[in-house]
Amino acid sequence: MSSIEQEAPSTRPYLIRALHEWCVDHGFSPYIAVQVDASVQVPMEFVQHGEIVLNVSFDATSSLRLGNDFIEFKARFGGIAREIVVPVSHVVAIYARENGQGMAFPPPSPVATPAEQQSEAPKAPAGAPDPARSQDPPDRGTLRAVPNEGAPTEAVDPLNSPPDGPSRGGGRPQLKRVK
């Protein structure tokens, strides 16, 4: 197999490191949104709707390592020190807490064994269109930052926020999946 035929490595870890560095250089707090499953090591009591948002600033973490395969660090949750291990493929966004600017990534694809793929494949009735041949892309939802409770309820788009300072509401942006 030639090097051209081999699959190129993911750009996700490089983009995460670049945006983390951008946040730190400009005095912002980098946050990551993580889709949680069995491969993610986080305090499960803080997971909401299958996701957790983590502060990955140097002030909030110790031994932070932004690797190509995993993001690893130690942090305190409710005063208790925890080891955090997040596969880079499960990071669905990285953004600056103060203004919501950052980048969203596609969620990880579920990995199923061949036996699971056979048993989970729905059988379409005869004559029904084949969903595998559909030209429409699947709806994966949209991520956007929204202020916390107590802040104005207007949504803030982290990718189209004004570059000149914090968001108007003064609330802390959070990512919310909108489908």
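This briefing walks through the fold, the first helix, the nonpolar core and the salt bridges of one chain. The model is predicted. Its chain holds 2 helices and 9 strands, and buried residues make up 34% of its 179 residues. A good place to begin is helix α1, which covers residues 12-25.

**Overall layout**

- Read along the sequence, the elements follow the pattern α-β-β-β-β-β-β-β-α-β-β.
- Among contacts with a separation of 6 or more, 59% join residues that are 24 or more positions apart in the chain.
- The chain exposes about 11900 Å², and carbon and sulfur atoms supply 52% of that area.

**Helix α1 and its buried side**

- The 14 residues of α1 should span 20 Å at 1.5 Å a residue, and this agrees with its end C-alpha atoms, which are 20 Å apart.
- Arg12, Pro13, Ile16, Leu19, His20 and Cys23 are the buried residues of α1. They sit on the same side of the helix, because they cover an arc of only 130° around its axis.
- As a general point, an α-helix has 3.6 residues a turn, so residues three or four places apart point the same way.
- The cover over the buried residues of α1 includes strands β1 (30-35), β3 (62-66), β4 (70-77), β6 (91-96) and β7 (102-104).
- Just after α1 comes glycine 27, which takes a positive phi of about 75°.

**A closer look at leucine 19**

- Leucine 19 is a residue of helix α1. Its relative accessibility is 19%, so leucine 19 counts as buried; the cut-off for buried is under 20%.
- Beyond its neighbours within four places in sequence, leucine 19 is in contact with Ile94, Gly102 and Met103.
- Methionine 103 is 84 residues away from leucine 19 along the chain, yet their C-alpha atoms are separated by 8.1 Å.

**The nonpolar core**

- In soluble globular proteins, nonpolar side chains tend to be buried together.
- Here the largest nonpolar core has 23 residues, and those with the most contacts inside it are Ile32, Val42, Leu54, Ile71, Phe73 and Val86.
- The elements giving two or more residues to this core are α1, β1, β2 (51-55), β3, β4, β5 (80-87) and β6. Strand β4 gives the most, with 4 residues.
- Valine 42 is in contact with Val36, Val47, Ile52, Leu54, Ile84 and Val86, leaving aside its neighbours within four places in sequence.

**Salt bridges**

- Side chains of opposite charge can pair when their charged atoms come close. This structure holds 4 salt bridges, and three of them are described below.
- Glutamate 72 forms a salt bridge with arginine 65, with 3.0 Å between the closest N and O atoms. Glutamate 72 is partly exposed at a relative accessible area of 30%, and arginine 65 also counts as partly exposed, at 47% relative accessibility.
- Lysine 74 and glutamate 83 meet through their side chains in a salt bridge of 3.8 Å, N to O. Lysine 74 counts as partly exposed at 38% relative accessibility, and glutamate 83 is partly exposed with a relative accessible area of 46%.
- Glutamate 98 and arginine 97 also meet in a salt bridge through their side chains, at 3.3 Å from N to O. Arginine 97 is partly exposed, with a relative accessible area of 27%.

Terms used: Residues are numbered from 1 along each chain as its sequence is written. This is a predicted model: local features need pLDDT of at least 70, side-chain atom pairs count only at pLDDT 80 or more; totals for chains, interfaces and linings use all residues. Side-chain values use heavy atoms; hydrogens and water are left out. Buried means under 20% relative accessible area, exposed over 50%, partly exposed in between (1.4 Å probe, protein chains only). Contact means heavy atoms within 4.5 Å. Accessible areas come from the Shrake-Rupley method with a 1.4 Å probe; for residues, only the protein chains shown count as cover. The expected span of a helix is 1.5 Å times one less than its number of residues. The arc is that of the directions from the helix axis to the C-beta atoms. A nonpolar core is a set of buried Ala, Val, Leu, Ile, Met, Phe, Trp, Tyr and Cys residues joined through side-chain atoms within 4.5 Å.
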